[in-house]
Amino acid sequence: AADPFLPLSAKEAAASEEGRQRTLTTLLEKVEGCRDLLPESPGKYLVYNGDLVEYDADHMAQIQRVHAFLMNDCLLVATALPNRRGAYRYDALYPLDGLAVVNVKDNPPMKDMFKLLMFPESRIFQAENAKIKKEWLEVLEETKRNRALSEKRRLEQEALPRPAPTPPESTNPFEEEEEEEEEPSAEEEVVDLSLEWIQELPEDLDVCIAQRDFEGAVDLLDKLNEYLGDKPVSQPVKELRAKVDERVRQLTDVLVFELSPDRSLRGGPRATRRAVSQLIRLGQSTKACELFLKNRAAAVQTAIRQLRIEGATLLYIHKLCHVFFTSLLETAREFETDFAGNNGCYSAFVVWARSSMRMFVDAFSKQVFDSKESLSTAAECVKVAKEHCKQLSEIGLDLTFIIHALLVKDIKGALQSYKDIIIEATKHRNSEEMWRRMNLMTPEALGKLREEMRSCGVGNFDQYTGDDCWVNLSYTVVAFTKQTMAFLEEALKLYFPELHMVLLESLVEIILVAVQHVDYSLRCEQDPEKKAFIRQNASFLYETVLPVVEKRFEEGVGKPAKQLQDLRNASRLMRVNPESTTSVV
């Protein structure tokens, strides 16, 4: 067959093309599975073909032997069938429009190689010798160039204006003026696209994309946009834009893949900066924001899942808070750096932060509340979470109200559950009440009780102690005081405004159990000595314990509780007429 690159006469060219098409048909019959995949076109013919060896791009290990068929519009790669000489199986088909060829410098023992770049992959092939490698490189470039020229000619032919029918004579007096206005616009349509960098731009973009030189690709696009910024939009400019837009789509797809959660999440938020900044330069700030936040959500979720649940609950919560809030803080700082000029993206970050906080609270509640930890442990864990949450205020991000809203249901349940435990314990002690003074047996035990009462806020406890180690109070009332004050202290650690009524109602319910018991005992007891002892316990309960509860609640919450004041006033009415058979409590 004649060399396709030598000038031919018209007759010879027709005969040569016909012969090349027959050759293509004959060769492709030897390739299994390509008939249905290879697009048919009347002008398709074989330009060059030969055996190559494919190597792994990362490890440079030999993969397989292939046979490549270069046609005037595409490149077909087929693998050799074992035990069948001259027979092949279809492997891949690459259009020449999206194919870039890169020479690989010899680095013995690896030599005579070249690389084919096509989004989103690249492949390295080795020729039999340096001469064949050179032929492959030259024929690939020449065929790509011929393909581009033929496509350009085709588009120019399609763009030629068709002869319009002769319009009837017009009597419009303004017709000459309109024609004069159209002439200069035709001159303005001439845009110089013959510059070398513009001609090579599509291929340079292919190389940048394949080599992951995102900055270089966007720089080329910026250069083109700047050049065409004040130029009129002519047909050649539209064609160039169409080619470039296809590369922009490819570049965008690569950058999107870089930010996908499937990619490695190591390196923290900064690892995404490169892809995010290039997407923003491409005018895709909304997409960059969405993908960045999705990537960070997956990273936070992975970090939480990798935490090992071992040891005490409080230790785990410390680790969980450190991992989550540190990651949130880093993400917020990186977001502020990447999207500094895009104020519209900040609302998306707030929505993402709320969603991330929900994920954190799910893990937190599962470990603290679902496992039925004590109220003191739960209070300590919530305190740790609040302290970590306050760190976000360093960058102007306050999520305290969100963590309150997400935890209110679990905390409310914990308070009510612990309230029920106290009420049941108080009722049990009341059922066994004998109204006898406490004998602590040793000065050490009495000193310990004094210290416990002092820590509860009862400063005048000494007036209720007697000789030796006696205490002029009932065991039931003392136990109730300690348990109620402990509940109040732990509840105040958990307190935030949404829980105000829950805590207040729980306190009133607990106090009522003790008040009703004293009220009932005072009315039913007939023994004067025991009645005096009950009255002494009632005085301690009403005049010492209730004011302490009221004062501590007001200190912790920041405002007085009318319900507790009403409860104390009602008990005073009861003490005025203790012989009444009707309880006012």
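1. Helix H2 gives the most to the lining of the largest pocket, with nine residues. Helices here (H or I, at least four residues) and strands (E, at least two) are DSSP runs, numbered from the N terminus. Lining residues have an atom within 4 Å of a pocket point; on a 1 Å grid over the protein atoms alone, a pocket is an open set of points where a 1.4 Å probe fits, with protein on both sides within 12 Å along at least five of seven lines.

2. This is a predicted model, in which local features need pLDDT of at least 70 and side-chain atom pairs count only at pLDDT 80 or more, while totals for chains, interfaces and linings use all residues. Residues are numbered from 1 along each chain as its sequence is written, and side-chain values use heavy atoms, with hydrogens and water left out.

3. The volume of the largest pocket is about 940 Å³, counted as the space filled by probe spheres set on the grid points. Its lining has 27 residues, and the closest to its centre are Ala148, Leu149, Gln199, Pro202 and Lys243. By class, 15 lining residues are charged (Asp, Glu, Lys and Arg), 10 nonpolar and two polar.

4. Besides H2 (130-159), helix H4 (196-199), helix H5 (201-210) and helix H7 (235-258) each supply at least two lining residues. The pocket lies between domain 1 (17-155) and domain 2 (196-283), because both give residues to its lining. The domain bounds come from an automatic or database domain assignment.

5. An open sheet of eight strands has the order E1-E5-E4-E3-E2-E8-E7-E6, with mixed pairing. Two strands pair if DSSP finds at least two bridges between them. Strand E1 (31-32) and strand E6 (100-104) are the edge strands, each pairing on one side only.

6. Strand E2 (46-55) runs antiparallel to strand E3 (62-71) over nine bridges, and antiparallel to strand E8 (121-126) over three. Valine 53 stands opposite arginine 65 in E3, and its bridge partner in E8 is glutamine 126.

7. Helix H13 (400-431) has 32 residues; at 1.5 Å times one less than that number, it should span 46 Å, and its end C-alpha atoms are 44 Å apart, which agrees. H13 also has a kink of about 50 degrees centred on leucine 407, the bend being the angle between axes fitted to the seven residues ending there and the seven starting there.
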